Amino acid sequence: MLRTWLTERFRLDVPLVGAPMAGVSDGRLAAAVSAAGALGMFGVPATASASWIAEQAAVAAGSGRPYGIGLMAWVLQDDPGQLEAVLAARPSLVSVSYGDYARFVEPLKRAGIAVATQAGTTDEARAAERAGVDVIVARGGEGGGHGRDDVATLPLLQSVLDAVRVPVLAAGGIATARGLAAVLAAGAEGAWAGTAFLGCAETTLSEPARRRVLDTGETGTAYGRVFDVAQRLAWPPEYGGRALRNTFFDRWHGREDDLAADDAARAELEAARRTGDFDTAYIYAGQAVGMVGRTRTAADVVADFAAADKLLGRFSSL
């Protein structure tokens, strides 16, 4: 099997992290990914309580293998209870990104927790190294959910690997063994994948949402701030989100100032989320969504990624 800093640090079989997708990955998905030999994570939504974090951490730990938790720095500024709950849970890895994350690095490391942050530019990666993180996630604009859309994964990864000395994981558009093999060959210590798991039975997606994912092709995503503005979320403006394109996004993209003052549109989005109307409600996903074509288990997805070993091994036989 492939051995990297990631597999050695967390005793993994596959150099792969299941990205912490807030609202999609809870303790159940994290446990399933970890049990399969990768490192599963769950994402903490902005409104999550400390008790919810404790409950999901207990589920994630049920695999008996290392797991991680993803936090949003802009939320922690006003809700320190989330950090306290994570410190109490003592996961193996915590990702803190998007906002002033640097002040949370040391408390996590003092608790014996490895710390990651996602970087969308080389300058962000350099800043992360100065902040003392254990591992940097070079996240390209192809990635689903929130992050920068400034640089694609491959050029970003090459630049970040040359710029920092700490371990680097690659994220954005990596959904198969071929993608994992490519970033390992470039020098990454592993991949950070979210969209690849969106078709899994262990996510929290409803069946209509999962069907929407499975039916979407590679050009079916869009990047912007529409859904954040509509919900009045305090995401730093440089971090938009990549989601499945729908009619609500197309109607408001480029008109975010108008949307911020439109209470009817906000109510429309809230109602659509309750009823599962995905022509209006959002489903975050990356450009790799076109490779997610059927419902599988997390174990199946991890097993497919493990074939990167054979892809890389073919070069040694030439």
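Two strands are said to pair if DSSP finds at least two bridges between them. With that in hand, hello everyone, and let me start with one such pair: strand E6, residues 135-139, and strand E8 run parallel to each other and are joined over four bridges. Please keep in mind as we go that what we are looking at is a predicted model.

Let's stay with E8 for a moment. Within this pairing, Arg-139 stands opposite Ala-171 of E8. Ala-171 also has a partner on another strand: in E9, its bridge partner is Trp-192. E8 and E9, the latter covering residues 191-193, pair in the parallel sense over two bridges. To get from E8 to E9 the chain passes through helix H9, and this β-α-β crossover is right-handed.

What about the side chains of E8? In a regular strand, side chains alternate between the two faces of the sheet. In E8, which spans residues 168-171, Val-168 and Ala-170 point one way, Leu-169 and Ala-171 point the other way, and all are buried.

Now let's step back to the barrel. In what order do the strands close into a barrel? There are eight of them, and the order is E1-E2-E3-E4-E5-E6-E8-E9, with parallel pairing. From one strand to the next, the twist averages 25 degrees.

Next, please find E3 on the barrel. On one side of E3 is strand E2, residues 39-43, which pairs with E3, residues 67-72, in the parallel sense over four bridges. Two of the residue matches here are Gly-40 with Tyr-67 and Phe-42 with Ile-69. E2, helix H3 at residues 50-60, and E3 together make a right-handed β-α-β unit. E3 also pairs with E4, again in the parallel sense, this time over five bridges. There, Gly-68 has Leu-93 of E4 as its bridge partner. Helix H5, residues 80-89, packs on the sheet and touches both E3 and E4, and the direction of H5 makes about 170 degrees with that of E3.

Why can we call E3 largely enclosed by the rest of the structure? Because six of its six residues are buried. Both faces are covered: Tyr-67, Ile-69 and Leu-71 are buried on one side, and Gly-68, Gly-70 and Met-72 are buried on the other.

That brings us to the nonpolar cores. Which residues touch the most other members of the largest core? This core has 93 residues, and the ones to look for are Leu-16, Leu-93, Val-96, Trp-192, Phe-197 and Phe-305. Helix H9, residues 177-186, gives the most to this core, with five residues. You will recognise Leu-93 as the partner of Gly-68 and Trp-192 as the partner of Ala-171. If you zoom in on Leu-16 and set aside residues up to four places away in sequence, it touches Leu-6, Ala-38, Leu-39, Ala-191, Ala-193, Phe-197, Val-302 and Phe-305. Apart from this core lies another, of 13 residues, with Val-226, Phe-227, Val-229 and Phe-249 among them.

The model also has an open sheet. It has three strands in the order E7-E11-E10, and the pairing is antiparallel. E7, at 145-147, and E10, at 221-224, stand at the edges with a single partner strand each, so one side of each is left without a neighbour in the sheet. Direction ignored, neighbouring strands of this sheet are turned by 25 degrees against each other on average. Four bridges join E10 to E11, residues 240-244, and one match between them is Thr-221 with Leu-244.

Two more stops. How do helices H7 and H8 meet? The axes of H7, residues 122-131, and H8, residues 153-163, come within 9 Å and cross at roughly 35 degrees. The crossing is right-handed. Thr-122, Ala-125, Arg-126 and Glu-129 make the contact from H7, and Leu-156, Ser-159, Val-160 and Ala-163 make it from H8.

Last, look at Met-291, in the loop between helix H14 and helix H15. Is it buried or exposed? Its relative accessibility is 49%, so Met-291 counts as partly exposed; the exposed class starts over 50%. Beyond its neighbours within four places in sequence, Met-291 is in contact with Gly-173, Ala-175 and Thr-176. By contrast, Leu-269 is 22 residues away in sequence and 28 Å away in space, C-alpha to C-alpha.

Thanks for listening!

Terms used. Residues are numbered from 1 along each chain as its sequence is written. This is a predicted model: local features need pLDDT of at least 70, side-chain atom pairs count only at pLDDT 80 or more; totals for chains, interfaces and linings use all residues. Side-chain values use heavy atoms; hydrogens and water are left out. A nonpolar core is a set of buried Ala, Val, Leu, Ile, Met, Phe, Trp, Tyr and Cys residues joined through side-chain atoms within 4.5 Å. Buried means under 20% relative accessible area, exposed over 50%, partly exposed in between (1.4 Å probe, protein chains only). Contact means heavy atoms within 4.5 Å. Axes are lines fitted to C-alpha atoms, for helices over the stretch in contact, and angles run from 0 to 180 degrees between N-to-C directions. A crossover is right-handed if, with the strands pointing away from the viewer, the path from the first strand over the helix to the second runs clockwise. A crossing is left-handed if the near helix is turned anticlockwise from the far one by less than a right angle, and right-handed if clockwise.
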